[in-house]
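Visitor: I should be grateful for a close look at a single part of this structure. Please treat the part in one connected account, with its surroundings.

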Amino acid sequence: VWRSREWTLGAAMRTRQFWLLFTIWLVSMGIVEQIAISHHVYFYLDAGYSPMKAASFFTIFGVCFALGNVGGAVSDRIGRERFFIPVCLACAGFVSLYFLMKDTSTPWLPPVITVGFGLTFGSLCCVANATLADLFQGKHYGKIVGTIVVGFGLGGTVSPWLAGHLHDTAGNYLWTYGILVAGLLASAVMMWFVAPRKLRPIGRPM
């Protein structure tokens, strides 16, 4: 029934899957991604690294983010949740390492975080897009994805300011790191309830 239906924007908005994906976009792309982009250099400056090193780490993050997009091909073979959820948890694990980066006494941490965070988060973005296309493909897809992207805009409007405010209030980025980890964990849970494996199976049966 799901696959044979012509999905209009109104029909999509009457499903929980639409609003779960909307919230995933708000949380993962709007909050996590925009904080990572706007404050990434400052994470390392705050720990005491030089501006050049901090900028270099951000460059590596960007390259790894781009490389991570090949994860979409893996999800085509094994299924969206089978890929998205473990990678989301791994991404949260890499972000959690920021809590250990209190100064420059652990020089191995920035490269590990930068590469791991970039690769895993780059994979999540493209798989979230693929899931949306799987479930709501059709001639109205443009309207549907355009509305979903509003979630990204809402999260991205608030999150860079919020991260800066929390840093100025607490004097560090610990609260911000907590938001990033919580957002990634929440996205993993929401993807499970989106359940594309039940509506439009991709890859091997689960």
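In which helix does Arg 80 lie?

Guide: In this predicted model, Arg 80 lies in helix α5. With a relative accessibility of 5%, Arg 80 counts as buried, because the cut-off for that class is under 20%. If neighbours within four places in sequence are set aside, Arg 80 is in contact with Gly 72, Ser 75, Val 127, Ala 130, Thr 131, Asp 134, Pro 196 and Ile 202. These partners offer a route into the surroundings of Arg 80, beginning with the helix that holds it.

Helix α5 covers residues 80-96, and α8 covers residues 174-194. The two helices pack at an angle of about 170 degrees, with their axes 9 Å apart. α5 and α8 are therefore roughly antiparallel to each other. On the α5 side, the contact is made by Glu 81, Phe 84, Ile 85, Cys 88, Leu 89, Cys 91, Ala 92, Val 95 and Ser 96. On the α8 side, Tyr 177, Leu 180, Val 181, Leu 184, Leu 185, Ser 187, Ala 188, Met 191 and Trp 192 take part. By class, the residues of this contact between α5 and α8 comprise 15 nonpolar, two polar and one charged.

The loop between α5 and α6 holds Phe 99. Phe 99 is partly exposed, its relative accessible area being 31%. Not counting residues up to four places away in sequence, Phe 99 touches Leu 174, Tyr 177, Gly 178 and Val 181. Of these, Tyr 177 and Val 181 also belong to the contact of α8 with α5. The C-alpha atoms of Phe 99 and Leu 174 are separated by 6.7 Å, although their positions lie 75 residues apart along the chain.

After α8 comes a loop that leads to α9 (196-199), and Ala 195 has its place there. The phi angle of Ala 195 is near 55 degrees, a positive value in a residue other than glycine. Ala 195 counts as buried, at 5% relative accessibility. Pro 196, one of the partners of Arg 80, falls within the range of α9.

Thr 131, another partner of Arg 80, leads to helix α6 (residues 109-136) and its packing with helix α2 (residues 16-47). The axes of α2 and α6 come within 11 Å and cross at roughly 155 degrees. That crossing angle makes α2 roughly antiparallel to α6. In handedness, the crossing of α2 past α6 is left-handed. From α2 the contact draws on Gln 17, Phe 18, Leu 21, Trp 25, Ser 28, Met 29, Val 32, Glu 33, Ala 36, His 40 and Tyr 44. From α6 it draws on Pro 110, Ile 113, Thr 114, Phe 117, Phe 121, Cys 125, Ala 128, Asn 129, Thr 131, Leu 132, Leu 135 and Phe 136. The contact of α2 with α6 has 16 nonpolar, six polar and one charged residues.

Aromatic pairs in the model number 19. One of them joins Phe 18 and Phe 136 in an edge-to-face arrangement, at 6.4 Å centre to centre and with 75 degrees between the planes. Phe 18 belongs to helix α2 and Phe 136 to helix α6, so the pair ties together parts that are 118 residues apart in sequence. Both Phe 18 and Phe 136 are buried.

Helix α2 also contains Gln 34. Gln 34 counts as buried at 19% relative accessibility, because the class takes values under 20%. Leaving aside neighbours within four places in sequence, Gln 34 is in contact with Met 29, Phe 152, Gly 156, Ser 159 and Pro 160. Met 29 is also among the α2 residues that meet α6.

Helix α3 (residues 51-68) packs with α6 as well, their axes coming within 7 Å and crossing at roughly 35 degrees. α3 passes α6 in a right-handed crossing. Among the α3 residues in this contact are Phe 57, Ile 60 and Phe 61, and among those of α6 are Thr 114, Phe 117, Phe 121 and Cys 125. The contact of α3 with α6 divides into 13 nonpolar, five polar and no charged residues.

Finally, Val 70 is in the loop between α3 and α4. Val 70 is exposed, with a relative accessible area of 59%, whereas Arg 80 is buried.

Notes. Residues are numbered from 1 along each chain as its sequence is written. This is a predicted model: local features need pLDDT of at least 70, side-chain atom pairs count only at pLDDT 80 or more; totals for chains, interfaces and linings use all residues. Side-chain values use heavy atoms; hydrogens and water are left out. Axes are lines fitted to C-alpha atoms, for helices over the stretch in contact, and angles run from 0 to 180 degrees between N-to-C directions. Helices (H or I, at least four residues) and strands (E, at least two) are DSSP runs, numbered from the N terminus. Angles under 35 degrees count as roughly parallel, over 145 as roughly antiparallel, 65 to 115 as roughly perpendicular and the rest as oblique. A crossing is left-handed if the near helix is turned anticlockwise from the far one by less than a right angle, and right-handed if clockwise. Contact means heavy atoms within 4.5 Å. Ala, Val, Leu, Ile, Met, Phe, Trp, Tyr, Cys and Pro count as nonpolar, Asp, Glu, Lys and Arg as charged, and the others, Gly among them, as polar. Rings of Phe, Tyr and Trp (its six-membered ring) pair if their centres lie within 6.5 Å; planes under 30 degrees apart count as stacked, over 60 as edge-to-face and the rest as tilted. Buried means under 20% relative accessible area, exposed over 50%, partly exposed in between (1.4 Å probe, protein chains only).
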